[in-house]
Structures are given as C-alpha cells and as structure tokens.
Amino acid sequence: MEKSIRWKLVRTYSVMILLILVVFTLLLLNPLQNYYRDLLTESLLTETRLIGELVATSDLDDTGLQQAVKKWSEEISLRTTVIDGSGEVLADSHYNPQLMENHSNRPEIAQAIEGREGQATRYSDTLKLDMLYAALPTERDNQLAIVRLAMPVSDISLIFTRIKGTLIAAMLAALLLGLLVSFKLASSLTKPLEEITQVAGDIANGDFEARFVPATDDEISVLGRTINYMAEILREKVIEINQHRHKLETVLNNMVSGVMMLNSEGEVELINNAAEKELGLKGLTAAGRHNLEVMRSHRLNEEIEKILADGKVTSCEITLMHPKRQISLVHLAPIIHNGVINGVIAVFLDITQLRQVEQMRKDLLANVSHELGTPLTSIKGFIETMQEEPDMAPAVRQRFLKIMAKETQRLNSLIDDLLELSKIESGKAYTDFKKVDLARLITGVVEQMRPQAAAKTQEVIVNLPHLFFVKGDGNGLEQVVINLLDNAIKYTPENGKINIMGTIDKDKAVISFKDTGAGIPQKALGRIFERFYRVDKARSRKQGGTGLGLAIVKHIIENHQGSISVQSKPEQGAEFIVRLPRA
C-alpha cells in the first residue's frame, strides 16, 4: 500500500498543502507578532499618559504617591514607577523606591528625560525578569517627573503562544481537509491505473486476451488503449516466438552432433539431446551448472575462457573419461550481441571411432611391415650367405633352400590373408547368401581335416542337429569352420579332444568349437580377434599362422549379422561360440 500511486499522490498533495500552510503561517506569524507588540506598546503608552495626568494633577506627598502608585498598578495590572527629573525613583508599585538605584541610565528613562516617548525591552535588575517598558515625561510640583509602566515579556509570549496555537489548529484543520480532497482526487486518478495494472499483470501471466475498458477519453484512457494494442502485438509475437522455438528445438534435438550453449560465466544454458547422450547426461540437469562440473575437462574450460576473452572461433580435441572414454572434436564460436561477448556455442563431434580406426591403421601398417619384414629378412640373409659361399656344401644349400621356401610360403599366406580380409571388409567377398545346411558343411570340413587331427592322435567329436540351416554364403561359412577347426587342431596337444556341437536358440543357430588345449590367458581374451594379435608369438609363427585367421572369422560372421565370442581358462582349453541367424 505504501508504494501505490494513490498514496504517493496523497503524500505529495499533503506535503504540498503542509508546506503552503507552514510557509503561510511563518510569513503571517512574524508580522502578526510585530503588529500585536506594537498594539501592546501603544496601549502601554496610553496607560502611561493617563497615569502621567493623574500624577500631574495630584498634590500628593511621597508617601501618598507611593500608595496611589500601588493602587493604580493593581487597577491596570501593570508595574508603575514614578521617577523625578534626575532619575531618582519617587514611587514604585512593586519595590521600595528608597532601595532602588538611580534610573537615569535606563534607556526608556533617558528618552523621557529628553522629552520623548521612552520604550525599551530589557532585563529588569529589580524584578529579575525581561520587561517591556514605556515612559513619558510629566510634571509634579512644577518639576519634571517621569511616569513608567512595564509588563513582563512572558505575558506577551503567552499571548503569542495562544496565537500560534490558534494558527496551528487552523493549519491542521486545513491539512485534514486537504488530505480528504487529495485522497478523493488521487482515487479518481489511480482507479483506472489500477485497472490497467491488473490487465498488464494478466498479460504478463500469459493471459493475452485481457483488455482494458476505458470509461473516459483522457490520457489514462489513451494509455489503456495502448496497453490493449500492445497485448495484441505481444500475443502475435509470442505465437511467432513459440513457433520459432519449436522449430529450433526440433532442429537441435534431431541433430547428430551435440550442441551446448554457455553463458559468459562458462555455465551451461542450453544442451540438446545428442549432447546429453554423448556426454552421458541423460536424466541429469546440466543447465545452470559450470562446464567443468558437467564436462570435467580443463582443456575445454581453458578454450572457453580464451574465446570469451578474444572472441575468436576455435576448435579443440578433448578426451572425456566419464561416463566412458571418448574423444570429441569441439568447435567453439562466440555469441556476440552489440559488440559484447555474451557466451559460447560448442558443437561436439564424437571422433572416438575415427581415432580408433586411425590407430588400427597405424597398428596394421606396423604389423604388416613387421610380418613381411621378418621372412624377407630371413630370405635375404640366406641369399646373401649363398652368394658369398659359392662352394657351399650341397646339404647346407638344400637346407637353406627349404627354409627360404617355407618363408616364401609364409609370405604368400600372409598376402593371401590380407587380400581376403580386405575383400571381406569392403563387402566384396562372401555375399552370395543362400540357405545353407550347416550340419552338412561342418561335417564335410571335419572329414577334410580329420587326417591333420589323426596325425596328432586327436579325437574330433561332432554333435549337430539334423535340421540345422542358416542363411549365408557357403564359402564364407566354410572358411570360418576351417579356420576355427584348424586353430583347435594346432593348439591342442596330442591325444587331445575337439568338440563341435550345434544347438538352436530361438532364431539363432549356435555352434561351439571346444578344445582341450593350453587355453587363452584372461588378459588376451579381449584382443584375440585383432589383426596380427598372437597369444604366444613364437609358437604361432612356428605353427605357420599369420595372425589374421580370427580377424577374418570375425568379419565373415559379422557380415552374416552374427556374433562370435570366446571363453577360456589357462590349461583348460578354449571354446569359441558362433551365433548365426537361422534360415
């Protein structure tokens, strides 16, 4: 209520009225005081003249004069004093004249001795009071005499106080009347303003249909009509903004790239669905939190602070460890309004797979170089030795040639496997999908490779369903079975067992290749399908492996929309499990 316009107007009017009354009173009071003082002084002089005539016409002695002065003083309620021409006091109504000092030096007496009207306001040494004096010359026994009347200044002040009280009472009455008038006037002015305020509040709360109904045609009504027009324009703008916001949200939430908007303090203001998913923020509130708290990347925070300082578009690559290890390329651009940098837009691109592919390419090049370099170095060494020793013994030369032939065959196998893997990855190999009798295919491969197992006195046990069909490329699936069975034979010791078992799991055909070999260490299980990865490198090369067999198997199976997994414990053999869609 204290802040309403009505009470502000009432206070304003009241202060104005009060100031006017105070100024008027102050301006009136001083002249009124002067006028009343002059009136009292004139009345005092009149009384003095009358007493002077009485003194002049009486033939009283000093004692009689003293008694008469007291009587006159009681009648007029004024101190009365009679003084001779030399200033000696002859009679006084309030004090013993014989004890009073010479008064010739009193201002009013000095003026009267000179034949003028004597007036003075001063402190009375006799009565110990401030007094107003009036003195006139007269005659007594044909001698100059002075008659002086006096009244206390406090009596005058009392009268003045009563006058002030009357003026203040009149001022308060005028002020009260002014308050009533100002309240009425303020109410007539503020009532339409209150209605306009109510309409504006409704509009601010989202009711764009609220309108002000003007009752007059004054400036306030013009304001009300302007509010109505503003409400209509605002309604249209809000509809337009909501449409634009919906479009923007649709675009942002359907972007593949993550987008984040930050304010000038580095705090998140907006984030799209892709960024929440990419950063693992689903279900969490990112808005209002600092980017360090959300991203946990000091590198990104440094780049944000830098762009807030210089306003230059930049990009950086960051590695996030939460909720998983991820490499992101972040493009940063400043948000500039009226020449002031208000924030930053950050666009996130997940390049984890790209970096992994680049690393795999580097590893592949390194591994291929190593795998090709080893046999080539061996062949080169033997050739140089044979060239340097033309008279080499035939038996030694024959042994060198056998080793060179073996290394050449290894090179040939490696190149064949690389070409095979390349074709599979490009989707140009094993694409002739048909209904394949998996039981017949596996049985055929087992019979083909049984002599290799027999050479190591190994038992190959096959247990497959009668109706075991999948949809795929027969040659590709045969390559899978050959590679897995070949590995089982190679890494299973003599007198070992190899179990090939097939089962049906809903819409999947499941084939298990289980051996009783040395097994695979736990730390190697996650990398067993990588190119050129060997659990025991020396043993693998001795067995003639290229390190690409399982990588080829995995790619063929994945091209068939299947999966392969491995289970193993050291010294307890290994089990490779293949799952393929049923036909």
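This is a short talk on one sheet, the core packed around it, and a few ring contacts.

Okay, hi everyone. One thing up front: what you're looking at is a predicted model.

Let's start with the sheet. It's an open one built from 5 strands, and if you walk across it you go S12-S14-S15-S17-S16, with mixed pairing. So which strands sit at the edges? Those are S12, residues 459-463, and S16, and each of them pairs on one side only. On average, neighbouring strands here are turned by 15 degrees against each other, if you ignore direction. Now, H12 packs on this sheet, where it touches S14, S15, S16 and S17, and its direction makes about 145 degrees with that of S14.

If you zoom in on S12 and S14, they run parallel, joined by 5 bridges. To find your way around there, look for Asn463, which stands opposite Met501 in S14.

Next, the core. As a general point, nonpolar side chains in soluble globular proteins tend to be buried together. In our model, the largest nonpolar core has 42 residues, and the ones touching the most other members are Ile442, Leu484, Ile511 and Phe576. Several elements give two or more residues to this core, including H12, S14, S15 and S17. Which element gives the largest share? That's H11, with 8 residues.

Take Leu484 as an example. Leaving out residues up to four places away in sequence, Leu484 touches Phe513, Leu550, Val553, Ile564, Phe576 and Val578. Two of those names come up again in H14, where Leu550, Ala551, Ile552, Val553, Ile556 and Ile557 are buried. And just after H14 there's Gln561, with a positive phi of about 60 degrees.

Okay, rings. The count comes to 1 aromatic pair. The partners are Phe529 and Phe576, edge-to-face, with 6.2 Å centre to centre and 85 degrees between the planes. What I like is that this pair links distant parts of the chain: Phe529 is in the loop between S15 and H13, Phe576 is in S17, and they're 47 residues apart.

Are those two rings buried or exposed? The cut-off for buried is under 20% relative accessible area. Phe529 comes in at 15%, so it counts as buried. Phe576 is at 10%, so that one is buried too.

Last one, and it's a charge: the charged end of Lys435 sits over the ring of Phe469, 4.7 Å from the ring's centre.

That's my tour, thanks!

Technical notes
Residues are numbered from 1 along each chain as its sequence is written. This is a predicted model: local features need pLDDT of at least 70, side-chain atom pairs count only at pLDDT 80 or more; totals for chains, interfaces and linings use all residues. Side-chain values use heavy atoms; hydrogens and water are left out. Rings of Phe, Tyr and Trp (its six-membered ring) pair if their centres lie within 6.5 Å; planes under 30 degrees apart count as stacked, over 60 as edge-to-face and the rest as tilted. Helices (H or I, at least four residues) and strands (E, at least two) are DSSP runs, numbered from the N terminus. Buried means under 20% relative accessible area, exposed over 50%, partly exposed in between (1.4 Å probe, protein chains only). A charge sits over a ring if NZ of Lys or CZ of Arg is within 6 Å of the ring centre and within 35 degrees of the ring normal. A nonpolar core is a set of buried Ala, Val, Leu, Ile, Met, Phe, Trp, Tyr and Cys residues joined through side-chain atoms within 4.5 Å. Contact means heavy atoms within 4.5 Å. Two strands pair if DSSP finds at least two bridges between them. Axes are lines fitted to C-alpha atoms, for helices over the stretch in contact, and angles run from 0 to 180 degrees between N-to-C directions.
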